[in-house]
Structures are given as C-alpha cells and as structure tokens.
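Hello,

I am passing along a structure that I have been looking at this week. Have a look at it first, and my notes follow below.

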Amino acid sequence: MKMLMFVRAAVLVGAIAVAQAATAAPVECKMRFDLSGWSVIYKRTSGTGVVTCNNGSTMKVKLSAHGGGLTVGRSKITGGLGKFTGVNSINDVLGGYAQADASAGALKSGTAQVLTKGTVSLALSGAGEGIDLGVSVGGLEISRVE
C-alpha cells in the first residue's frame, strides 16, 4: 500500500513539473548593436552587439550581414536595438537569419527589419549616418564573441 502511494506521489510530482515547464514563459532577449557596411551591388555589413535576457544572461556577439541586389552606398548604425521572439535560451539567438530589406537615405540613414531563423524572429531598428539606396536580400549571422 505504501509503495502504491509513493508511486502515485511520484507521478503527481512529475506531472506538475511537466505542466510547469509547458507553461513557463519564453525568455525575452534584446540586443544593442553597432553596424557599418558598404554596398556596390553586393552588400556587406559587420558589427558587434550585446544580447541581454530577462533571466539575467548576457552574451557579447559579432554580427555579419551579406546580400546581393540593386544596392549602392555606405552606412553606419550606432546604438541599434534588436528584439528576439521565440527564444527559450540565450543560445537560441545564435546562428543565421534570413533577411530582406529596402533602404533609402542620405546623411541620416536608418533601418527597420524583421529576420527569421526557424521559430526565432529578430526585429532590428536603428538610425545612423550614411548614404544608401537599394533593395537587398541576404542573411545575418550572429555568433558568440570568444
């Protein structure tokens, strides 16, 4: 009888743990970043950033974007902001994201983009300086700074 009660209690505890894990809120992560780049048909941008999450985790990252299309210009974004969705761990932000953007600017340049990587999305926004004009499609790679 005691063994049966022990088994029932263990099953109940396991069920509660599974229910809590299923209802756990996703981690909210944001990224502050600086980017600079150039384009003459082929677009190349690189920079650095810091990802911080509401669970206290922080990671320095390197950003590298590339693409092709009808683009020309040079730009620099300082103090940009990225917001991730669909993240369960800070490590989920690493990897390659699909990117498409349209831009136009002279002297003061800006960007607003949404990128995806599986179930993780990244909304980027930022303002800076430069001259750019065009449409490009490519990718953004986020890697950990060692």
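**Contacts of Ser 36**

Leaving aside neighbours within four places in sequence, Ser 36 is in contact (heavy atoms within 4.5 Å) with Arg 44, Thr 45, Ser 46, Ser 75 and Lys 76. Please bear in mind that this is a predicted model, in which local features need pLDDT of at least 70, side-chain atom pairs count only at pLDDT 80 or more, and totals for chains, interfaces and linings use all residues. Residues are numbered from 1 along each chain as its sequence is written, and side-chain values use heavy atoms, with hydrogens and water left out.

One of those partners, Ser 75, is 39 residues away from Ser 36 in sequence, yet their C-alpha atoms are 5.7 Å apart. Ser 36 belongs to strand E1, residues 27-53, and strand E1 also holds Thr 45. Strands here are DSSP runs of E with at least two residues, helices are runs of H or I with at least four, and both are numbered from the N terminus.

Are these two residues buried or exposed? Ser 36 is partly exposed at a relative accessible area of 34%, while Thr 45 is buried at 11%. Buried means under 20%, exposed over 50%, and partly exposed in between, with a 1.4 Å probe and protein chains only. Outside its neighbours within four places, Thr 45 touches Leu 35, Ser 36, Gly 37, Leu 63, Ser 64 and Ala 65.

As for the whole chain, the elements run α-β-β-β-β from the N terminus, and 33% of the 146 residues count as buried.

Best wishes
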